[in-house]
Structures are given as C-alpha cells and as structure tokens.
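Thanks, everyone. Let me take you through one model this morning, starting with the sheet and ending with the backbone.

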Amino acid sequence: MSADIPVSSAELTRAAELVAAARRGVAFTGAGVSAESGIRTFRGEGGLWRQYDPYKVASIEGFRSDPAVYWGVAREGWRMYRKAEPNPGHRALAALEEAGHLVGVITQNTDGLHRDAGTRKLIELHGNGRTVRCLDCGATEPRADIQARLERELPPRCRVCGGMHVKPDVVFFGEALPSAAMMEAFRMARECDLMLVVGSSLQVYPAADVPEVAADRNVPLVIVNDEPTPLDVAATVVVRGRAGEALPEIARRAAGA
Ligand code: APR
C-alpha cells in the first residue's frame, strides 16, 4: 500500500499533541523509516523477503552453510546502501530528542542512519552493518572494504585467517539479540511516557515485544506506518503515511503546540 493517501491532518495534530506532552518519549523504528533513504524494507512493498528466502539469506544456519548467498545479495544492494543518507524522518526524531520530548531511539535497523542524523541515545537491537566480523578468528573489518572485494571474492575471505565466514555485525535469524541492548530497550519501554512506533511491521520478536511493554502500560502509543500493523488496535493514534513526510510535520506541530 503506497502512501499516496494524504495523511489526515487531525491524526498529525493528535500525534503532535501527544509528542509535545512527552518528556520521556521513546521512538521504536524499523526499515520503513529508512525506505525514503533508498534502503529496501523487508516485508513492505518491494521488500527483500518478497524476492529472497530470508532463511537462506539471513539466518545463521543458512549463512554458515553458504555465506555466498548473503554476500551475493549484499553485492546487489551495496550501490544504494552505501550512498544512503538520513532523511527528514530520521532528522525529525533527532530534533524531538534535542527538544526534550524523546529520551532516545530503539531501532531494528542496522544502517546507522539514526546516528548520522544526530540521535544521541540509540539502541541498535539488531546490531550495526557497518562492521564485519570473522566467525572463525574474530577479526573485524569495515564493511566497505569487504564490499570492495566481492567482485573478485565471493564469499569474501577473512584477511587474517582466510576463513570464509566473514559476517556483518548484525543479528541474523536464529541468533540472540545483544543482551545489554535488549535490557536497556525494555527499561526504556517500562519508563517511557510515550511510545512512537515508526516504519515497522512489528512481526519480528523479541524486538516487537518492546512497544508492547509500553502498550500494556497504557502510555500514549503513536504509530506512523504506511500500512496496518498488529499493534494498531492498541494505538492512541495511527498516522497512515510516509515517515519522512509525517514525522517532520508532527515535530513542527509539536513545537507549536
Ligand atoms: N514510511 C512509513 N512506513 C513505511 C515506509 C515509509 N516510507 N516504507 C515502508 N513502510 C512500512 C512497510 O509497509 C512495513 O509495514 O514499514 C514496515 C517495514 O516492515 P518490515 O519490512 O517488516 O521491517 P521491520 O519491521 O523493520 O523488520 C524487522 O525483520 O527481516 C528482519 O532483522 C530484520 O530488523 C528487521 C526485522
């Protein structure tokens, strides 16, 4: 469902009022917040998992049995990924933190764009894809160096031990999430006075448990997504639209509220 449907002003105003009243708000984001930066989502329109088998590409078992599958897909996507920059949606969240409405962002994204946009408190539940680590000897490398080798080396070899299980520092299916990040995310959800969910289908657990903690506490829940999510029923307000358009407008109205 593309977001050519105009976002209702009443929803934007209601969301802005809730954001303006927040002093310990938390944003929880997914791939949809980076879609307007040119990074493909996973399940939405044109999502990666509509083209590729997530088990083969992004499960730890699949990766261990054939790392070339992952790196083949990464080679295709690199041209867009490497030139991706924060969009107005990322910047609006950083501005809401600066303005004292949000205490931070909890993200499922591994693209690092929230940090680039100026978010100070950032919890990366699924890791960060800018670094790559050898599963055999632990050596790390910047992702850009590995991507540059993919034309002549697929899968890429570890530059230290020569091993072929060089993996981005992200959480694959079948792997545990970083425990410190999870604990901090749940603490933030238990203490927040607003939960702002942006650009996630909320289908992947345990990450999707985080906004549910806030929903169960009946704190105001604002959802910005261009298609329905399972948590819409619990939302105080749902803004059906693009994050890069809706968030700056919400921030603008919150500043005036
Ligand atoms: N603005 C708002 N919402 C958008 C936009 C946009 N510009 N573009 C897409 N969306 C919505 C999609 O319609 C979809 O509902 O964002 C959601 C993205 O959902 P997913 O693709 O499932 O991404 P996410 O929820 O982040 O996935 C969770 O799954 O594959 C794993 O580890 C991966 O972190 C990822 C996790």
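**The sheet and its helices**

Strand 1, residues 25–29, and strand 2, residues 102–107, pair in the parallel sense, over 5 bridges. Keep in mind that this is a predicted model. For a register point, take T29: it stands opposite T107 in strand 2.

Now the whole sheet. It is open, has 6 strands, and runs in the order 3-2-1-7-8-9 with parallel pairing. Which are the edge strands? They are strand 3, residues 122–124, and strand 9, residues 237–240, and each pairs on one side only. Between neighbouring strands of this sheet, the average turn is 15°, direction ignored.

Next, the helices that lie across these strands. Helix 5, residues 88–98, lies across strand 1, strand 2 and strand 7. Its direction is about 145° to strand 2. Helix 9, residues 209–216, lies across strand 1, strand 2, strand 7 and strand 8. Helix 9 runs at about 145° to strand 7.

**Empty space**

On to cavities and pockets. How many cavities of 30 Å³ or more does a search of the whole structure find? The count is 1. The volume of this largest cavity is about 40 Å³. Its lining consists of V132, R133, C134, A139, T140, E141, C158, R159 and V166. Two elements give two or more residues to that lining: strand 4 and strand 5, the latter covering 140–142. Strand 4 gives the most, with 3 residues. By class, the lining of the largest cavity has 5 nonpolar, 1 polar and 3 charged residues.

Now the second largest pocket. It holds about 180 Å³ of space. The lining has 13 residues, and K167, P168, D169, V170 and V171 lie nearest the centre of the pocket. Strand 4, residues 127–134, and strand 6 each supply at least two lining residues. Which strand gives the most to this lining? Strand 6 does, with 4 residues. The classes here are 7 nonpolar, 2 polar and 4 charged. So strand 4 contributes to the lining of the second largest pocket and also to that of the largest cavity.

**Backbone points**

Last topic: local backbone geometry. Where are the cis peptide bonds I want to show you? One runs from L154 to P155, with omega near 5°. P155 sits in the loop between helix 7, residues 143–149, and strand 6, residues 166–170. Another cis bond runs from Y205 to P206, with omega near 10°. P206 belongs to the loop between strand 7, residues 194–198, and helix 9.

L202 also lies in the loop between strand 7 and helix 9. L202 is not a glycine, yet its phi is positive, near 55°. Is L202 buried or exposed? Its relative accessibility is 6%, so L202 counts as buried.

N218 is on the other side of helix 9, in the loop that leads to strand 8, residues 221–225. Its phi is positive too, about 60°, and N218 is not a glycine either. What is the relative accessible area of N218? It is 68%, so N218 is exposed.

To recap the two positive-phi residues: L202 is buried, and N218 is exposed. That is my tour, and I am happy to go back to any view.

Definitions and conventions
Residues numbered from 1 in each chain as written. Predicted model: local features only at pLDDT ≥ 70, side-chain atom pairs only at ≥ 80, totals over all residues. Heavy atoms only, no water. Buried < 20%, exposed > 50% of the residue type's maximum accessible area, 1.4 Å probe, protein only. 1 Å grid on protein atoms, 1.4 Å probe; cavity = no way out; pocket = protein on both sides within 12 Å on 5 of 7 lines; lining within 4 Å. Points joined across faces, edges and corners; volume = space filled by probe spheres on them. Nonpolar A, V, L, I, M, F, W, Y, C, P; charged D, E, K, R; others polar. Pairing = 2+ DSSP bridges. Axes fitted to C-alpha atoms, helices over the stretch in contact; angles between N-to-C directions. Contact = heavy atoms within 4.5 Å.
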